[in-house]
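Colleague: I should like to go through the assignments in this model one by one, with the grounds for each.
Modeller: Please put your questions, and I shall set each value against its criterion.

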Amino acid sequence: AAAAQLRPIMGSMATARVSNVIHKAVAEAVTETIGTGNYNYSDLISLEKDADGKITALTSNMIQFNQLQIEVSENVMKKVGMVSSSELSIPIGSLTGIALLAGRGPDLHVRILSVGTPSAEFENRFTDAGINQTKHQIVLNVEVTVRILMPGYTTSTTVNHSLAVAETVIVGSVPDTYTYFHSDSTNDVQEYVTNQ
């Protein structure tokens, strides 16, 4: 009976701890992947200009985006797989809600099991950056679903994490027509032309 009463607390504490660890793993995976130097803004996006130097189009390098997507997904899976149960363990005293017992007692061991491949989808963000200036960010949205295993209790959670992987400030007006990328549920990155 006591175990049944503690399950919601166990589940909520384990989910919070797992979410924190997954956020950290995703941030590290993206940082390491970007840190290779293979994915600068100019590697991902080409700015096409007319004879007067006015930007007429933004075009994405689909090969680079696909490669980045694959590398990040693989790196996230590796990082999640390296999470140790000691990082996730919860002292039993913390489940009681009594401040004096918080952090004390034997550890409740928590493990995570990755469920499927993490999804990594790209998003363009255009924001004002001053007079006649626009900041263009390429944001990577990563979603990881994991099963949380505890003694006598199992639950699952999905963690979403967004990080800017490249950005630049465009001086002048953003072109009326630009080519951008979008990743759909099949994880294939596709190119579209949008008229603003």
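**Grounds for the assignments**

Modeller: To begin with one contact in this predicted model, E28 forms a salt bridge with K79, with 3.9 Å between the closest N and O atoms.

Colleague: Why is the contact of E28 with K79 called a salt bridge?

Modeller: The criterion asks for a Lys or Arg side-chain nitrogen within 4 Å of a carboxyl oxygen of Asp or Glu. The closest N and O atoms of E28 and K79 are 3.9 Å apart, so the pair qualifies. E28 lies in helix α1 (residues 2-34) and K79 in helix α3 (residues 62-81), so the salt bridge ties together parts that are 51 residues apart in sequence.

Colleague: How do you know whether E28 and K79 are buried or exposed?

Modeller: Buried means under 20% relative accessible area, and exposed means over 50%. K79 has 14%, so K79 is buried. E28 has 33%, a value between the two limits, so E28 is partly exposed.

Colleague: What other salt bridge does K79 form, and what does that pair tie together?

Modeller: The side chains of E32 and K79 meet in a salt bridge at 2.7 Å, N to O. E32 lies in helix α1 and K79 in helix α3, so this pair ties together parts that are 47 residues apart in sequence. E32 has a relative accessible area of 40% and is therefore partly exposed. E28, E32 and K79 are thus linked in a network of salt bridges.

Colleague: How many salt bridges does the rule give?

Modeller: The count comes to three. Among them is the pair of E123 and R125, whose closest N and O atoms are 3.2 Å apart. That value is within 4 Å, so this pair meets the criterion as well. E123, at 28% relative accessibility, is partly exposed, and R125, at 36%, is likewise partly exposed.

Colleague: What makes the aromatic pair edge-to-face?

Modeller: The structure holds one aromatic pair. The ring centres of F65 and F122 are 5.0 Å apart and the ring planes stand at 75°, so the pair is edge-to-face. The limits are centres within 6.5 Å and, for this class, planes over 60 degrees apart. F65 lies in helix α3 and F122 in strand β6 (residues 119-128), so the pair ties together parts that are 57 residues apart in sequence. Both F65 and F122 are buried.

Colleague: Which residues have the most contacts inside the largest nonpolar core, and which elements supply it?

Modeller: That core has 35 residues, and those with the most contacts inside it are I22, L44, V76, I112, I138, L140 and V144. At least two residues each come from α1, α2 (41-44), β2 (55-60), α3, β6, β7 (133-150) and β8 (153-171). The largest share, eight residues, is supplied by α1.

Colleague: Which residues are in contact with L44, leaving aside its neighbours within four places in sequence?

Modeller: L44 is in contact with Y39, T59, S60, N61, Q64, F65, L68, I138 and A166.

Colleague: How do you know that β6 and β7 pair, and in which sense do they run?

Modeller: Two strands pair if there are at least two bridges between them. For β6 and β7 there are 10 bridges, so the strands pair, and they run antiparallel. E121 stands opposite N141 in β7. The two strands form a hairpin with four residues between them, and G130 in the turn has a positive phi of about 130°.

Colleague: What is the corresponding evidence for β7 and β8?

Modeller: β7 and β8 pair in the antiparallel sense over 18 bridges. H136 has T168 in β8 as its bridge partner. This hairpin has two residues between the strands, and G152 takes a positive phi near 75°.

Colleague: What are the totals for the chain, in elements, burial, contacts and surface?

Modeller: The chain has four helices and 10 strands. Of its 196 residues, 37% are buried. Among contacts with a separation of 6 or more, 61% join residues 24 or more positions apart. The chain exposes about 10,700 Å², and carbon and sulfur atoms supply 51% of that area.

Methods
Residues are numbered from 1 along each chain as its sequence is written. This is a predicted model: local features need pLDDT of at least 70, side-chain atom pairs count only at pLDDT 80 or more; totals for chains, interfaces and linings use all residues. Side-chain values use heavy atoms; hydrogens and water are left out. Buried means under 20% relative accessible area, exposed over 50%, partly exposed in between (1.4 Å probe, protein chains only). Rings of Phe, Tyr and Trp (its six-membered ring) pair if their centres lie within 6.5 Å; planes under 30 degrees apart count as stacked, over 60 as edge-to-face and the rest as tilted. A nonpolar core is a set of buried Ala, Val, Leu, Ile, Met, Phe, Trp, Tyr and Cys residues joined through side-chain atoms within 4.5 Å. Contact means heavy atoms within 4.5 Å. Accessible areas come from the Shrake-Rupley method with a 1.4 Å probe; for residues, only the protein chains shown count as cover.
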